[in-house]
Amino acid sequence: MNVLVIHGPNLHLLGRRKPQLYGTATLARLNADIKKHAAGLGLKVRAFQANGEGEIIDLLTANAPWADALVINPAAYTHYSYAIRDAIEALELPSVEVHLTDISKREPFRRRSVIKPVCRAQFKGGGPASYFKALEFCASLKK
Ligand code: DQA
């Protein structure tokens with residue numbers, strides 16, 4: 001099973017962006033851990049990070065033919081990007097939303113996700129484990 005992993009804006013700054021909130025691991029470390037976890041579950045992963053809304057939509061479109069499932073951390077776009085929401089809906093891939101932090105316990109503007117309705121599941125607040133849980137959810141889809 002092929003899983004497309006997309007990290008949204010500012011996640012290239014992991015490791016130095018508010019480490020008390022987002023942890024000290026870099027994006028490279030996170031991707032290495034995601035790939036290791038995925039391999040243990042028998043999944044293949046392609047991982048990308050992009051800061052732009054259009055860039056994310058182009059990545060989704062280009063990689064959807066390869067992918068059997070999508071794991072996406074839309075970062076700040078979570079809260080207002082109907083364009084990314086529509087792209088996910090249009091591709092009809094089983095999709096999982098992830099967040100390192102618990103967006104339900106942060107500023108009010110982060111509590112709303114416009115992405116959630118087009119995803120099968122949402123994992124939040126676990127740091128890297130949010131991604132691992134999403135991968136496990138994807139693996140459970142093939143049974
Ligand atoms: C985030 C939460 C978002 O509100 C924020 O804009 C991010 C990261 C998370 O992983 O916790 O950039 O998606």
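This report describes the ligand site of a predicted model and the pocket that holds the ligand.

## Basis of the model

Local features in this predicted model require pLDDT of at least 70, side-chain atom pairs count only at pLDDT 80 or more, and totals for chains, interfaces and linings use all residues. Residues are numbered from 1 along each chain as its sequence is written, and side-chain values use heavy atoms, with hydrogens and water left out.

## Ligand shell

The residues around the ligand (those with a heavy atom within 4 Å of it) are R17, Y22, N73, A75, A76, H79, H99, L100, T101, I103, R106 and R110. By class, this shell comprises five nonpolar, four polar and three charged residues. Here Ala, Val, Leu, Ile, Met, Phe, Trp, Tyr, Cys and Pro count as nonpolar, Asp, Glu, Lys and Arg as charged, and the others, Gly among them, as polar.

## Polar contacts and burial

Polar contacts are pairs of N or O atoms within 3.5 Å. A polar side-chain atom of T101 is 2.5 Å from an oxygen atom of the ligand. For H79, a side-chain N or O atom lies 2.7 Å from a ligand oxygen, and for H99 the corresponding distance is 2.8 Å. The ligand taken alone exposes 320 Å², of which the protein buries 99% (Shrake-Rupley method, 1.4 Å probe).

## The pocket

The ligand takes up the space of the largest pocket, with more than half of its atoms within 2 Å of the grid points as the criterion. A pocket is an open set of points on a 1 Å grid over the protein atoms alone, where a 1.4 Å probe fits, with protein on both sides within 12 Å along at least five of seven lines; lining residues have an atom within 4 Å of a point.

The volume of the largest pocket is about 150 Å³, counted as the space filled by probe spheres set on the points, which are joined across faces, edges and corners. Its lining has 15 residues, and R17, Y22, A75, A76 and R110 are the closest to its centre. The lining divides into seven nonpolar, five polar and three charged residues.

How values were computed. A polar contact is a pair of N or O atoms within 3.5 Å; within protein, one must be able to donate a hydrogen and the other to accept it, and residues adjacent in sequence count only if both atoms are side-chain atoms.
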